[in-house]
Amino acid sequence: MPNRNPWKTLEQSIVYENAWLRVREDKVLRPDGEPGLYGVVEIRPSVGVLAVDERNEVALVGQWRYVSQRYTWEIPRGGSHPNDPDMLAAAQRELREEAGIEAANWRALAALDVGNGVTTDVHHLYLATDLRLVKAEPDPEEQIVTRFVPFEEAITMALNGGIREVCSVTALLMYERLLRA
């Protein structure tokens, strides 16, 4: 399996930027040696938290997602901030802000490339247990509902399309594997 980069970057330019992402256009020489353009969406690393309570119920957050134009159920997730000391701190902040939950026990599950043909986003997944409820503090643009569902129901939702967000599905299936081990 080749481990050598067959692409050559000739020039990079930023074509759009906001507080959450930056779009870069690269002039390249493709693997076939021909010139081309490659668009890259640069996103700070993001986090997702599978919060499981003592009854083996999973915290899910529901909200209208503008991009997909539908209401979704998923695990609490969000982007890291430049001032987050690390991804665990970002995960703790997102769980508290979005779902109103703090956890005493944390376990890293995975770091996943999300859309690695287009974006730099690496999504860090965590398992949070020994939960306690606190006041949620969602961002102004978020209208989030939090509910706990039995773990098996969450797995069913992931398998039948009730949960479609890829990092949420992955976290649920990873936890299922941990329970079986």
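# Exercises on charged pairs, strands and helices

Arg 132, with a relative accessibility of 52%, counts as exposed (buried is under 20% relative accessible area, exposed over 50%, partly exposed in between, with a 1.4 Å probe and protein chains only). The model is predicted: local features need pLDDT of at least 70, side-chain atom pairs count only at pLDDT 80 or more, and totals for chains, interfaces and linings use all residues. Residues are numbered from 1 along each chain as its sequence is written, and side-chain values use heavy atoms, with hydrogens and water left out.

## Exercise 1: The chain as a whole

Task: Describe the secondary structure of the chain and the share of its residues that count as buried.

Solution.
Step 1. The chain has 3 helices and 10 strands (DSSP runs numbered from the N terminus: helices are H or I with at least four residues, strands are E with at least two).
Step 2. Along the sequence, these elements follow the pattern β-β-β-β-β-β-β-α-β-β-β-α-α.
Step 3. The chain has 181 residues, of which 38% count as buried.
Step 4. Its C-alpha atoms fill a box of roughly 60 × 40 × 35 Å along the principal axes.
Step 5. Consider the contacts (heavy atoms within 4.5 Å) between residues at least 6 apart in sequence: 55% of these join residues at least 24 apart.

## Exercise 2: Salt bridges

Task: State how many salt bridges the structure holds, and examine the pairs formed by Asp 84, Glu 102 and Glu 176.

Solution.
Step 1. Side chains of opposite charge can pair when their charged atoms come close. The structure holds 15 salt bridges (a side-chain nitrogen of Lys or Arg within 4 Å of a carboxyl oxygen of Asp or Glu).
Step 2. Asp 84 meets Arg 93 in one of them, with 2.7 Å from N to O. Both Asp 84 and Arg 93 are buried.
Step 3. Glu 102 pairs with Arg 132, and their closest N and O atoms are 2.6 Å apart. Because Glu 102 belongs to strand β8 (residues 101-113) and Arg 132 to strand β9 (residues 122-133), this salt bridge ties together parts that are 30 residues apart in sequence. Glu 102 is partly exposed, at a relative accessible area of 25%, while Arg 132 is exposed.
Step 4. Glu 176 and Arg 180 form a salt bridge of 4.0 Å, N to O. These two residues are 4 residues apart in helix α3 (residues 166-180), so about one helical turn separates them. Arg 180 is exposed, at 58% relative accessibility.

## Exercise 3: A sheet of strands

Task: Determine the order of the strands in the open sheet and follow the bridge partners from strand to strand.

Solution.
Step 1. Strands of a sheet pair through backbone hydrogen bonds, either parallel or antiparallel. Strand β1 (residues 8-17) pairs with strand β2 (residues 21-29) in the antiparallel sense over 8 bridges (two strands pair if DSSP finds at least two bridges between them), and a hairpin of 3 residues joins β1 to β2.
Step 2. Strand β2 also runs antiparallel to strand β3 (residues 35-43), with 9 bridges. The hairpin of β2 and β3 has 5 residues between the strands, and Gly 33 takes a positive phi near 90° there.
Step 3. The open sheet of 3 strands therefore reads β1-β2-β3, with antiparallel pairing. Its edge strands are β1 and β3, each of which pairs on one side only.
Step 4. In β2, Arg 22 is the bridge partner of Glu 17, and Arg 22 also stands opposite Glu 42 in β3. Similarly, Glu 25 in β2 is the bridge partner of Ser 13 and stands opposite Gly 39 in β3.
Step 5. A network of salt bridges links Arg 22, Arg 24, Asp 26 and Glu 42.

## Exercise 4: Two packed helices

Task: Classify the angle between α2 and α3 and name residues that meet there.

Solution.
Step 1. Helix α2 (residues 151-160) packs against α3 at an angle of about 135°, and the axes are 10 Å apart (axes are lines fitted to C-alpha atoms over the stretch in contact, and angles run from 0 to 180 degrees between N-to-C directions).
Step 2. This angle makes α2 oblique to α3 (under 35 degrees is roughly parallel, over 145 roughly antiparallel, 65 to 115 roughly perpendicular, and the rest oblique).
Step 3. On the α2 side, Phe 151, Ala 154, Ile 155 and Ala 158 take part, and they meet α3 residues including Val 169, Leu 172 and Glu 176. Glu 176 is also the salt-bridge partner of Arg 180.
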